[in-house]
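Notebook open. I want to look up the ligand site and the pockets, and write down what I find.

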Amino acid sequence: MGFLTELVCTRCDAAFAKNQLWNLSTCCQAPLFAKYDLESAARALRPEMLINRIPTMWRYAEVMPVEEESHRISLGEGFTPLLQAARLGRSVGAPNLMIKDEGVNPTGSFKARGLSAAISKVFELGGTAVAIPSAGNAGGATAAYAARVGLPAHIFMPKDVPEANRVECEALGAKLELVDGLISDCGRIVAERKDEEGWFDVSTLKEPYRVEGKKTMGYELAEQLDWELPDVILYPTGGGTGLIGMWKAFEEMQQMGWIGVERPRMVSVQASGCAPIVRAFEAGEDQAEPWVEAKTVASGLRVPGAVGDFLMLRAIRESGGTALSVTDEELMAAIPEMASATGIFPAPEGAATLAGLKKLITSGQVSEDDRVVLFNTGTGLKYIDVLR
Ligand SMILES: *Cc1c(COP(=O)(O)O)cnc(C)c1O
């Protein structure tokens, strides 16, 4: 079914066998990327065949890592709507505005894509339990996909995550531990205990397959726009998996002859209380120092350090894009602004992209002619306690 060939280290290109579970590369302690035989994939799947495919992210099976269809653990994730937002666009000065609404995914956020792919591979390769540090939504998605296949899931979250994230993990039968600290502290606990406990660590970019799930957002954008990518993409950035994944997808699609060399300007939007990528971008660094005392109501953006920092910074720069931060006040005010003008009730993280867009319009970095896509990465319904 698939054309996965091997995994490669994103720093030194060393190859790793695809038939076992890996975390970071053993050579550089860097993220691993899945590599495909794209020539064969392009022969097996042509864009016009997609019309008959299942309306989930698994419609792109030839460029997905799962090798047997029976190993696919799915709840219907992906192939989310790309909605026109002309009224909102006109009011802010970007009339060609669209919103990719990831809030309609299973578990209410785009974390479903990554965890569907990752848990499927754990199942395919015989893993027996998973563990994850989560700022909130990744925990819920892990719990859901683990429940679907009957794998034990161990989830570590900061104790002040939105209530919905805690309640769903427990309902879905996961073992939840609340930590007095940040996602980075949760990550440390998983790293310390995983070997002894026999857990496979599915932390963002510390295994190769969550990014494969998230990259399908890039395939979908291209397909939904009839193979012409937008001019600008605004992405609310925590660990950066979606941004990195879409950048990978664009390269794969070009190699398969589905798109040309043009790329959207990739814009990373962060919260001003936790903006390590923005700071590194502005300083011209190719890696980001961890942010001290990270604080924002947008829990998905409260990621002080990301292992994929260099991949994000590279994609933002190669695309001619930028990175900018918005305050909690700005992103909270953008929730009703987006909702009332589009019918989409966004997560605070998704609303942050609207606040970011307004700044780019003011500074002249986005113009009236640009075709702009905002990523609403989750539903506002998971944040009722935060919004109250
Ligand atoms: C996790 C999360 C993000 C950040 O995504 P990354 O791919 O880690 O950068 C943004 N929004 C929501 C709602 C999230 O759950």
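I started with the character of the shell around the ligand. I sorted its residues into four nonpolar, nine polar and three charged. This is a predicted model, so I keep that in mind throughout.

Next I listed who is there. I found 16 residues around the ligand. K111, Y235, G238, G240 and T377 are the closest. Then I looked up the secondary structure behind the shell. β10 (232-236) supplies at least two of the shell residues, and so does α8 (241-255).

Polar contacts came next. I checked the backbone first. A polar backbone atom of G240 lies 2.6 Å from an oxygen atom of the ligand. For G239, I noted 2.9 Å between a polar backbone atom and a ligand oxygen. Then I turned to side chains. An N or O atom in the side chain of T377 is 2.6 Å from a nitrogen atom of the ligand. How much of the ligand's accessible area does the protein cover? I noted 96% of the 390 Å² that the ligand has on its own.

Pockets, then. Which pocket holds the space taken by the ligand? I matched that space to the largest pocket. I noted about 880 Å³ of space in this pocket. Its lining runs to 50 residues, and I183, G239, V303, G305 and A306 are the closest to the centre. G239 is also the residue whose backbone I had noted at 2.9 Å from a ligand oxygen.

I went through the elements of this lining. Two or more residues come from each of α4 (137-149), α6 (183-197), α7 (210-224), β10 and α10 (309-318). Which element gives the most? I recorded α6, with five residues. β10 had already come up in the ligand shell. By character, I split the lining of the largest pocket into 21 nonpolar, 20 polar and nine charged residues.

I moved on to the second largest pocket. Its volume is about 560 Å³. I counted 19 lining residues; V8, F33, K248, E251 and Q255 are the closest to the centre. β1 (4-9), β3 (32-36), α8 and α10 each give at least two residues to this lining. The largest share, six residues, is from α8. α10 I had already listed for the largest pocket, and α8 for the ligand shell.

Last entry: the character of this second lining. I noted 10 nonpolar, two polar and seven charged residues.

Terms used
Residues are numbered from 1 along each chain as its sequence is written. This is a predicted model: local features need pLDDT of at least 70, side-chain atom pairs count only at pLDDT 80 or more; totals for chains, interfaces and linings use all residues. Side-chain values use heavy atoms; hydrogens and water are left out. A residue is near a molecule or strand if one of its heavy atoms lies within 4 Å of it. A polar contact is a pair of N or O atoms within 3.5 Å; within protein, one must be able to donate a hydrogen and the other to accept it, and residues adjacent in sequence count only if both atoms are side-chain atoms. Accessible areas come from the Shrake-Rupley method with a 1.4 Å probe; for residues, only the protein chains shown count as cover. On a 1 Å grid over the protein atoms alone, a cavity is a set of points where a 1.4 Å probe fits but cannot get out, and a pocket is an open set with protein on both sides within 12 Å along at least five of seven lines; lining residues have an atom within 4 Å of a point. A molecule sits in a cavity or pocket if more than half of its atoms lie within 2 Å of its grid points. Helices (H or I, at least four residues) and strands (E, at least two) are DSSP runs, numbered from the N terminus. Ala, Val, Leu, Ile, Met, Phe, Trp, Tyr, Cys and Pro count as nonpolar, Asp, Glu, Lys and Arg as charged, and the others, Gly among them, as polar. Grid points are joined across faces, edges and corners, and a volume is the space filled by probe spheres set on the points.
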